[in-house]
Amino acid sequence: MGSYADDDIVPQAMSPEKIQNDIKVIGDEEVNDSPIEQVRLTVPITDDPSQPALTFRTWFLGIVSCVILSFLNKFFGFRQNQLSIGSISAQIIVLPLGKLMAATLPSKPIRVPFTKRSFSLNPGPFNLKEHVLITIFANCGAGGVYAVYIITIVKAFYKRALNPVAAMLLAQTTQLLGYGWAGLFRKYLVDSPYMWWPANLVQVSLFRALHEKEKRPRGGLTRLQFFSVVFASSFAYYVLPGYLFPTLSALSFVCWIWKYSITAHQIGAGLNGLGVGSFGLDWSTVAGFLGSPLATPLFAIINVLIGFILVLYVLVPVAYWTNSYEAKRFPIFTSHTFDYSGQPYNISRILNKENFDLDQASYNSYSKLYLAPFFAFMYGLSFATLTATMSHVALFDGKDIWLMWRRTQSAVRDKFGDVHTRIMKKNYETVPQWWFHAILISTVALSIFACEGFNKQLQLPWWGILLSCAIALFFTLPIGIIQATTNQQPGLNVITELIIGYLYPGKPLANVAFKTYGYISMSQALSFLADFKLGHYMKIPPKSMFIVQLVGTIVASAVYFGTAWWLLTTVEYICDPSSLPQGSPWTCPGDDVFYSASIIWGVVGPGKMFTKEGVYPAMNWFFLIGLLAPVPVWFLSRKFPEKKWIKLIHMPIIFGGTGSMPPARAVHYLSWGAVGIFFNYYVYRRFKGWWARHTYILSAALDAGVAFMGVFLYFALQSHDIFGPEWWGLDSTDHCPLAKCPTAPGIDIEGCPVL
C-alpha cells in the first residue's frame with residue numbers, strides 16, 4: 001500500500017484550501033505531527049468536524065453490511081472450502097451505494113415521534129467519516145464469533161442438547177467482554193502517539209485512495225468498473241467448483257496415475273496427504289483458509305511457505321516413515337484421534353453420559369489417546385510459535401517497544417499528544433469511562449449466569465470465568481503494546497487450554513469455554529482498540545465509534561449464532577462426511593479440528609497427553625526450541641547489518657506457518673503460495689502501477705463473486721437436495737481415498753486394504 005501513502009493524495013471531501021486553512025489554525029503545532037514516520041507519511045493532519053458521521057446512511061449500510069458478512073462467513077464456515085470475506089469487500093461496495101443514496105434520497109428532515117429531535121435521510125454528500133463507520137460495522141461481521149465452535153461441537157459432534165438461550169449468551173458475552181479491558185487501557189494504546197498500530201495505515205491509505213476524484217483512464221476502467229467485471233466473472237465461474245465440478249477445488253494428479261498405491265496417495269493427495277503436485281482451480285481453495293494472498297506481504301508468504309515445506313516435506317515424512325509414535329497405524333495427515341489399534345478413538349467409551357466428563361476407570365481399561373504425528377507436531381509447533389514470538393519481539397523490537405512505552409507513560413502523565421490526539425480532544429467529546437465499566441460488570445455477570453445456570457450445561461464454574469478474565473486482563477496491555485508497535489499478536493489459546501486442562505481435567509466444554517473467555521476477550525479488546533485507533537486517525541467522533549462497535553458486535557454475534565443454529569438444525573448429517581450425500585459441501589473442517597482439541601485438552605487433558613502419563617511429553621521441548629530459535633537470526637542480523645534479508649527471516653511466522661493446518665490442507669497452501677508469489681513478486685515488480693491500483697479490489701471482487709454464487713446455489717438448489725449431475729467430477733474430494741489409510745500391518749480400516 002506504499003503507493004497510496006503519498007502526501008499528494010487528498011480525500012475527496014476536503015479541498016486544498018480547506019486543508020491549508022486547517023494547517024494555519026493549528027499554527028506552530030503542525031511541525032509536531034507524529035513521532036512515527038510511517039504515520040506522518042500516511043495520515044493527514046486535517047479534520048472537518050462539520051461532516052456528519054452517524055447518519056441514516058451509516059446505520060442502514062453499516063447494519064446491512066454487518067448482517068451480510070456475518071451470515072456469509074458463518075455460512076461458508078461449515079463448508080468443505082471455507083471462505084473468509086473481509087471488511088474490504090464491503091468497504092469497496094458501499095462507496096457507490098453511499099453516493100447513490102446521497103444522489104437520490106430526500107433531504108427533508110424527519111421528526112422523531114414524541115421527541116423534539118429530527119434527522120435527515122440525506123444530510124449531504126456521502127463522506128469519508130460515514131464510510132469509515134460503515135466499514136467498522138462490516139468489520140464486526142467479518143471478525144467471526146469463536147464461541148459458535150462450541151455450539152457446533154455440542155450439537156453436531158457430541159450429539160447433546162444445548163439450551164439456545166445459554167448458547168446465545170455464550171456467543172454474546174465472549175464477544176463483549178473484551179470491551180471492558182479496552183476501556184481500561186485505551187489511554188495507553190490509543191491516545192499515545194507511540195502506539196501506532198501499523199495495520200491501520202493500510203486502511204487509511206485505502207480510504208484515501210477510494211475518496212480521490214477518479215477519471216476513467218484512456219483504454220482502462222475505473223476502480224468500480226474493474227470491481228464489477230471481476231465480480232461478474234467470479235460469480236459466473238464459481239458455478240463449476242461450487243456445483244457442477246467440485247473436483248476442481250483440489251486436483252491431485254499423482255493419485256490418478258498410481259491409483260492403487262497407498263504411498264502415492266499419501267504423497268500426492270492435496271486434502272489428506274502431502275499434496276505434491278496438487279493444486280486447485282477455485283478461489284475458495286486459494287483464499288478460504290489462509291486469507292487472500294493478494295493482501296499478504298511477500299516476505300510473510302515466503303516465511304509461511306518455508307515453515308510449510310520444513311514441516312510437511314521434512315518433519316512429517318521423517319516421523320511417519322521412521323514410525324515415530326506408532327505413526328504407521330494412522331493416516332499421514334489427519335486431525336482425528338485414535339486408539340492404540342489404529343481405530344478412531346471411541347470417545348463414548350470414556351465419557352460419563354450423565355455428567356459429560358471423563359470416566360477414569362473406562363479410560364484406564366481402553367487406550368491412551370493417540371494422534372497422527374502430523375497433528376501432534378502441530379501442537380508442538382504452536383508451543384514454539386508462542387515462545388518464538390516473545391523471543392523475537394524482545395530481541396528485534398524490545399528496545400523500540402520499551403522506548404515507546406516510556407514515552408507513552410510520559411505522554412499520558414504530561415497529557416502530551418501528537419497533532420491527531422490534539423485534534424480529537426479539541427473537536428470531540430471522549431467516551432465516558434463508566435460506559436466501559438458498565439459493559440464489563442454486566443458482561444461478567446451474564447457470563448457467570450450462562451455457565452452456572454441452565455443446569456450447568458457449559459460446565460465452567462464461576463471461578464473459571466473469573467480466572468479467564470484475570471488472564472485476559474493481565475495479557476491485554478503487554479500484548480497490545482506488541483501489536484500496536486509490531487503488528488504481531490501472540491495468541492492465548494495454548495496457555496488457556498493448558499491452564500484449565502490441568503486445573504479442571506475431564507470437562508470438554510469447560511475447557512473450550514475457558515479458552516474462549518480468556519483468549520477471545522483479549523483478542524476482542526485489541527480489535528476494539530485497533531478500530532478505535534483507526535477512528536483516531538480518521539477523526540471519527542469517539543462516541544459514534546463506540547456506538548457503532550457495540551451495536552455491530554451485538555448484531556454480528558446474533559447473526560453468527562442464528563446462522564449456525566439454523567444450519568445445525570436443518571442440514572441433515574451436517575459435519576458428518578460419511579453420511580452426507582455426494583457433492584454436499586457441509587463437512588465442517590474447522591469445527592472438526594475444534595472437536596478434536598476439546599477431546600485432547602478437555603476430555604483427556606494435557607496431564608495425560610504431554611507428560612509421562614501420555615504419549616507426547618517430547619512436545620514440551622518445542623517451548624525451548626521456539627524461545628532459542630530467533631537468537632541466531634538476531635545475532636547474524638547484528639553481525640551483517642548490510643544484509644537486509646536476514647531480518648526478513650521471521651521465526652514466529654516460520655513456526656506458525658502451518659498453524660492453519662488443519663483445517664487447511666496442502667492444496668490450500670500450495671495454491672495460496674503460488675498466487676501470492678505471482679502477484680506480490682512478479683506483478684508487483686513488472687507492473688507496479690497496476691498492482692497498486694487493482695490488487696486489493698481484485699481480491700475483494702473475487703471474494704464477493706464466490707460468496708454470492710455460493711449462497712445462490714444453496715438456496716436455489718442444494719437446500720432442496722438438488723445436487724449436480726452424477727459423474728466423476730461431482731466428488732468434492734481429490735480422488736485419493738487411500739491417503740486416509742494406515743500402512744502398519746494388520747490394521748483393518750473400512751475402505752483400506754489390510755497389509
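**Notebook: loops, surface patch and cavities**

I began with Pro581, which I located in the loop between α23 (542–570) and α24 (589–604). The model I am reading is a predicted one. I looked up the accessibility of Pro581 and found a relative accessible area of 39%. I therefore enter Pro581 as partly exposed, since that class lies between the limits of 20% and 50%. I then checked a pair that includes this residue: Pro581 and Phe723 stand 142 residues apart in sequence, yet their C-alpha atoms are 8.9 Å apart in space.

**Backbone entries**

I turned next to the backbone. Most peptide bonds are trans, and most residues other than glycine have a negative phi. Against that background I noted three places.

I recorded a cis peptide bond from Pro662 to Pro663, with omega near 15°. Pro663 belongs to the loop between α27 (651–656) and α28.

I found a positive phi of about 60° at Asn323, although this residue is not a glycine. Asn323 sits in the loop that runs between α15 and β3 (337–338). Its relative accessibility is 32%, so I list Asn323 as partly exposed.

I made a similar entry for Lys456, a residue other than glycine whose phi is positive, at about 55°. I placed Lys456 in the loop between α19 (433–452) and α20 (462–486).

**Surface entries**

I asked which residues form the nonpolar patch on the surface. I listed Ile302, Ile306, Leu310, Val314, Val318, Ile677, Phe678, Tyr681, Tyr682, Phe687 and Trp690, which together have about 950 Å² of accessible area. Two elements, α15 (298–321) and α28 (666–686), each give two or more residues to this patch. The most comes from α15, which supplies five residues.

I took Phe678 as one member of the patch to examine. Phe678 is in helix α28. I entered Phe678 as partly exposed because its relative accessibility is 42%.

**Cavity entries**

I closed with the interior. Rolling a probe the size of a water molecule over the atoms shows where empty space is left. I noted two cavities of 30 Å³ or more. The largest cavity holds about 220 Å³ of space.

I then asked which residues lie nearest the centre of the largest cavity. I found Gln80, Pro241, Pro246, Pro585 and Ser732 there, within a lining of 20 residues. I sorted the lining by type and entered nine nonpolar, nine polar and two charged residues.

Conventions: Residues numbered from 1 in each chain as written. Predicted model: local features only at pLDDT ≥ 70, side-chain atom pairs only at ≥ 80, totals over all residues. Heavy atoms only, no water. 1 Å grid on protein atoms, 1.4 Å probe; cavity = no way out; pocket = protein on both sides within 12 Å on 5 of 7 lines; lining within 4 Å. Points joined across faces, edges and corners; volume = space filled by probe spheres on them. Nonpolar A, V, L, I, M, F, W, Y, C, P; charged D, E, K, R; others polar. Patch = residues over 30% accessible without salt bridge, like charges linked within 9 Å, V, L, I, M, F, W, Y side chains within 5 Å. Areas by Shrake-Rupley, 256 points an atom, 1.4 Å probe, with all protein chains shown as cover. Salt bridge = Lys/Arg side-chain N within 4 Å of Asp/Glu carboxyl O. Helix = DSSP H or I, 4+ residues; strand = E, 2+ residues; numbered from the N terminus. Buried < 20%, exposed > 50% of the residue type's maximum accessible area, 1.4 Å probe, protein only.
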